[in-house]
Amino acid sequence: MTFPLKLIFEAINQTRSEHELQLQVVPKIGEYFAAKRYSIFFFEQLFLAADKNLQKILKIALSIEHNPIARYVVERHAPVHEALVMSPKAWKIICPRPDHWHVMAGPIINRHQLVGVIGCTREKSMPAFDTQNLTDLSSICLHLSVWAATTDSQMTSTAKSQHHLFQTDRLTPRELQIAQLVALGLTNAEIGHQLCITENSVKQALKRMFRKLEVSSRTQMVTELLVPTHYSAGINSNSFNSTLNFQSNLNKAYY
């Protein structure tokens with residue numbers, strides 16, 4: 001451990017997106033625990049970005065029936081390492097990978113729901129994770145959970161502030177989120193960066209959205225989703241200006 005936990009807490013607090021979290025915070029966590037492998041998984045983004053074959057693998061790996069570590073985290077919302085739930089022999093049968101000989105995982109909670117997991121692994125030649133490691137990971141998970149709740153609240157607030165401009169039940173909440181970013185003039189790459197998914201995932205989502213809405217361009221899509229408030233007697237200048245800005249920003253975007 002080359003630096004105090006406080007630096008990790010500060011790094012989490014300064015992060016503004018999941019992409020930044022992966023780049024700026026996760027390596028610090030890995031270094032702190034002297035882990036061979038380390039990562040943060042947010043379930044929604046993980047399954048959205050993965051192809052079908054990988055999704056099948058993830059469902060098994062994260063299954064509470066097949067993975068006792070996953071079961072412990074799901075049931076208790078608490079950090080755990082493999083020695084707490086089974087013997088080394090039993091763990092080797094479940095996970096024979098040499099770089100996953102020792103495994104530690106902790107929960108990321110938002111609104112009482114498990115939304116993600118932080119995991120660290122060590123090789124057989126490395127020391128096993130201990131009680132102090134679990135205590136430290138618990139503190140990190142607390143800060144990550146606060147970060148996730150705060151970030152979600154900010155995104156929800158932004159979505160609500162723009163929601164009056166959109167009207168449809170044909171798109172999923174994630175697709176509406178993508179549509180809002182399109183309306184703000186973001187490219188596929190920028191949307192992927194913002195939502196922590198691949199550029200190709202955004203492209204495929206847009207194709208599905210186009211089919212659902214029966215449109216052929218980004219401009220047509222946003223126009224289709226815009227509530228025709230300019231026909232309402234209750235229109236105000238802010239709504240009108242917001243609509244104009246949405247239309248104008250499309251000129252900077254591309255499909």
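## Close-ups of a predicted protein chain

**Figure 1. The whole chain, seen from its surface inwards.** The accessible surface of this protein chain adds up to about 14300 Å², and carbon and sulfur atoms own 54% of that. Keep in mind that this is a predicted model. The chain has 255 residues, and 44% of them are buried. Its secondary structure comes to 12 helices and 4 strands. Now look at the contacts with a separation of 6 or more: 62% of them join residues 24 or more positions apart.

**Figure 2. Asp99 meets Arg37.** Here the side chains of Asp99 and Arg37 form a salt bridge, 2.4 Å from N to O. Side chains of opposite charge can pair when their charged atoms come close. These two come from distant parts of the chain, 62 residues apart: Asp99 sits in the loop between α6 (88-94) and β3 (102-110), while Arg37 belongs to strand β1. Is Asp99 buried or exposed? Asp99 is buried, at 9% relative accessible area, whereas Arg37 is partly exposed at 43%. Add Arg97 to the view and you have a network of salt bridges linking Arg37, Arg97 and Asp99.

**Figure 3. Glu175 and Lys212 tie two helices together.** A salt bridge of 2.8 Å (N to O) joins the side chains of Glu175 and Lys212. Glu175 is in helix α8 (residues 173-183) and Lys212 is in helix α10, so this pair ties together parts 37 residues apart in sequence. Glu175 is buried, with just 5% relative accessible area, and Lys212 is partly exposed at 34%.

**Figure 4. Glu75 pairs with Arg76.** How many salt bridges does a search of the whole structure find? It finds 6, and one of them brings together the side chains of Glu75 and Arg76, at 3.7 Å from N to O. Glu75 counts as exposed, at 53% relative accessibility.

**Figure 5. A patch of positive charge.** On the surface, Lys203, Lys207, Arg208 and Arg211 gather in a positively charged patch. One of them, Lys207, is found in helix α10 (residues 199-213). Lys207 is partly exposed, with a relative accessible area of 31%.

**Figure 6. Two loop residues with positive phi.** Ala34 has phi near 50°, a positive value in a residue other than glycine. Look for Ala34 in the loop between α2 (18-32) and β1 (37-42), where Ala34 is partly exposed at 43% relative accessible area. His77 has a positive phi too, near 55°. Find His77 in the loop between α5 (68-76) and β2 (80-81); His77 counts as partly exposed, at 34% relative accessibility.

Key:
Residues numbered from 1 in each chain as written. Predicted model: local features only at pLDDT ≥ 70, side-chain atom pairs only at ≥ 80, totals over all residues. Heavy atoms only, no water. Buried < 20%, exposed > 50% of the residue type's maximum accessible area, 1.4 Å probe, protein only. Contact = heavy atoms within 4.5 Å. Areas by Shrake-Rupley, 256 points an atom, 1.4 Å probe, with all protein chains shown as cover. Patch = residues over 30% accessible without salt bridge, like charges linked within 9 Å, V, L, I, M, F, W, Y side chains within 5 Å. Salt bridge = Lys/Arg side-chain N within 4 Å of Asp/Glu carboxyl O. Lys, Arg positive; Asp, Glu negative; His and termini not counted. Charge placed at Lys NZ, Arg CZ, Asp CG, Glu CD.
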